[in-house]
Amino acid sequence: GDEQTILFTSARNESKALEEQNQNPYYLCDLFVAEKKDTTWSPVQNFGNPVNTPFHEGAATLSGDKSRLYFTRWITTSDNKVCAIYVSKYINGHWLEPMKLNANVNIAAYKSMQPALSPDESILFFSSDRPGGQGKMDIWYCTIDDIGNAGPAFNLGPTINTPEDEVTPFYNYFTQTLYYSSDGLLGIGGLDIFKAYKSDTTWTIPKNMGRPFKQKYKRTSTKLQQKSEK
C-alpha cells in the first residue's frame, strides 16, 4: 500500500546466513526493504529478526493495515525439509516471533508456500502440493478470521489447476482477477503468467498474459539456429 517502499526477496551478502558457519548467503534468501526518496532508492536493508533467519525466507504478503506479514520459510536439515507459511504480527513498533499457520494451511510432509492476501485480510491464496489437488503444485485458498486463524483450505479446481505446477498466486480484489504461473497450460514454454476472472462462484478460462511478460528462451533458440546453420 506504499508506492515509496518495496519489500522483496533476495539472496545477497546482507543475508542472515552469514550468522551461521558454512552458510553461503548467495544460496539462502531473506526479505529486504528499500525506500524511495524523491527519485532515489535508499540502500537496501535486511528485514531483520525475528522474520529472517539463517534459513530461507521469502514470498511475503502484507496486510492492508501493515500489522501482519505472511511469508514462506524453508527449513532444510540433514533429516528433513519443511516448506511452510508463517505469520508475524506488528505490535508496539516491533515484529513478533513468527508463528506457523495451522494444519489447514501447513500439512506435514507437504509444501505450502507463496501466500497472497486479499486487501481485507479475509482470504489467503497459496500454492501447495497437498493431497486433494489436481496434480503437483496447485493454487488453494482459505479464510482468515479476525485473530489470524486459517480456516479449511479449498482447491481452486481444474479450471485453474492442472496436473502440472501452478504457483505464485496474486489476487486483485477490486477487479476479481487471479494472476498466477503455470507450466501445465498452453504457453510459450516453462512457467507462464496467466490471469482468470471470478464470475459468481466460477472462474473464467485462464488467459496467457503473453509477451512482453514472457519471452522465449533465447539461448536455446540461438543454439538451435547455430546447429541448423552448421
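In this predicted model, one aromatic cluster is formed by F125, Y141, F154, Y171 and W203, and these rings make a convenient place to begin reading the structure. Several of these names return in the second largest pocket, whose lining includes F125, Y141, Y171 and W203, together with S118, I123, N155, L156, Y173, Q176, K198 and T201. The space in this pocket amounts to about 210 Å³, and its lining, sorted by class, consists of seven nonpolar, four polar and one charged residues.

From the pocket we can turn to the interior. In soluble globular proteins, nonpolar side chains tend to be buried together. Here the largest nonpolar core has 13 residues, and those that touch the most other members are Y70, L101, V105, L124, F126, C142 and I144. Two or more residues of this core come from each of the elements β7 (81–91), β11 (123–128) and β12 (138–143). A second core, separate from that one, has 11 residues, among them A116, L156, Y171 and W203. Returning to L101, and leaving aside its neighbours within four places in sequence, one finds that L101 is in contact with Y70, I85, Y86, V87, N106, L124 and G148.

The aromatic rings also deserve a look in pairs, of which the structure holds 11. One of them joins F47 and W95 in a tilted arrangement, with 5.7 Å from centre to centre and 50 degrees between the planes. This pair links distant parts of the chain, since F47 lies in the loop between β4 (45–46) and β5 (56–62), while W95 belongs to strand β8 (residues 94–95), 48 residues apart.

How values were computed. Residues numbered from 1 in each chain as written. Predicted model: local features only at pLDDT ≥ 70, side-chain atom pairs only at ≥ 80, totals over all residues. Heavy atoms only, no water. 1 Å grid on protein atoms, 1.4 Å probe; cavity = no way out; pocket = protein on both sides within 12 Å on 5 of 7 lines; lining within 4 Å. Points joined across faces, edges and corners; volume = space filled by probe spheres on them. Nonpolar A, V, L, I, M, F, W, Y, C, P; charged D, E, K, R; others polar. Core = buried A, V, L, I, M, F, W, Y, C linked by side-chain atoms within 4.5 Å. Buried < 20%, exposed > 50% of the residue type's maximum accessible area, 1.4 Å probe, protein only. Helix = DSSP H or I, 4+ residues; strand = E, 2+ residues; numbered from the N terminus. Contact = heavy atoms within 4.5 Å. Phe/Tyr/Trp six-rings, centres within 6.5 Å; stacked < 30°, edge-to-face > 60°.
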